Amino acid sequence: MEQSIVLAQQIHVDSLPINHIQTIGSHNSYRKPMDKRILGAIRLLDLFYGKNPSPAQQLEYVHLPFDQQFETYGIRGLEIDIHYDPEGGRYFRTKGNIIGAKKSGSDEQEMQQPGLKVFHISDVDFNSHYPTFKKALIAVKSWSDAHPRHLPIFILVEPKEDGVGNQVKAFGFVPVLPFDSAALESIDHEIREVFAGDLQHILTPDEVRGKHATLNEAILTQGWPLLAEARGKVVFIMNGSLRHTELYAQNHPSFRGRMMFSFSEVGREDAAFIKIDDAFSLDIAAMVQQGYMVRTRTDSPGYEAPINDHRTKNAAFLSGAQLLSTDYYLADKQLSPYKVQFENNEVGRLNFMQPDSVHVGDWLEK
């Protein structure tokens, strides 16, 4: 009898479109702890911030390698910051290491090679589990290949264009390069290179758009693919500015032939994913009911966790947003017991805003 119930539940869930599923993702998912001396130097600014979280307090979060996030904490979303480095070596030497009384060169030799680099803030907050975008993609693909029935993994790719060197024109800080058309093209190139013959494991805009004229028309009329069709797949979403979206769509209307979606604006022909960071916004429910997939945040570093404040998390859970972003799937016990997880560490649940919403367990991936 129990087996029959589980099978019925599985068939029911697999027949639902993916926008009926709510999952938790991590923010700046690649990030290792900062050098203690660099963080200590930044703490000198704490006195100027009063009750507001200081820059140091906003940098006191870390993440586990991707496979541990997926396996142990049910994370099904990542955020990866990328920096353009077409010639290689641009971010190999870090001025922040001088504060830490270390050599300026990175220990990661891949930083010498051309390609997209992964870290948070140039010269200051540069410790990463995956120094290159390719290395991050390989980690995702390896875990995905070993777990072919996983819920879709949503990867937010953020083109970073600002750093210490863009603000301080002295002391040898290196400015971060902007993302032009060639830089954005390199994102698709590296995704294709890593996934090679397994592009069927990526849910692309072409697949969602189908025979519709635009991506927006497709998701507002036909809707999203069913979970049965999207299991084991990775979904890439560019988390940049409207300028990035427009550049990425040039000569690729509705992202034809592209590897990534992009957070866009309601009504644009390429609109499918919407970003609303304020979990209390009533716009989230409106967007979800129209058919969009929405990303919101359950917390921000330095704010909720230190005082164990669950109000934003609870609002995000009930908002209807399908993609929830946190820095605290694992509680930082030096701060408080605050953490963001579904009941029983479930990897996902049916979306509260959808009519099919019921409590579900880890059979979502069985």
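This is a short dialogue about a predicted model.

Guide: Local features here need pLDDT of at least 70, side-chain atom pairs count only at pLDDT 80 or more, and totals for chains, interfaces and linings use all residues. Residues are numbered from 1 along each chain as its sequence is written, and side-chain values use heavy atoms, with hydrogens and water left out.

Visitor: Why is strand β1 called largely enclosed?
Guide: Buried means under 20% relative accessible area, exposed over 50%, partly exposed in between (1.4 Å probe, protein chains only). In β1, residues 21–26, 6 of the 6 residues are buried, so the rest of the structure largely encloses the strand. Strands are DSSP runs of E, at least two residues, numbered from the N terminus.

Visitor: How do you know that both faces of β1 are covered?
Guide: In a regular strand, side chains alternate between the two faces of the sheet. Ile-21, Thr-23 and Gly-25 are buried on one side. Gln-22, Ile-24 and Ser-26 are buried on the other.

Visitor: What makes β1 and β9 a pair?
Guide: Pairing needs at least two DSSP bridges between two strands. β1 and β9 (residues 323–326) have 4, in the parallel sense. Thr-23 stands opposite Leu-323 there.

Visitor: What makes β1 and β10 a pair?
Guide: β10 (residues 349–350) is joined to β1 by 2 bridges and they run antiparallel. That meets the cut-off of at least two. Ile-21 stands opposite Leu-350.

Visitor: Which residues does Phe-236 contact, leaving aside neighbours within four places in sequence?
Guide: Contact means heavy atoms within 4.5 Å. The partners of Phe-236 include Leu-137, Ile-155, Ile-191 and Met-259.
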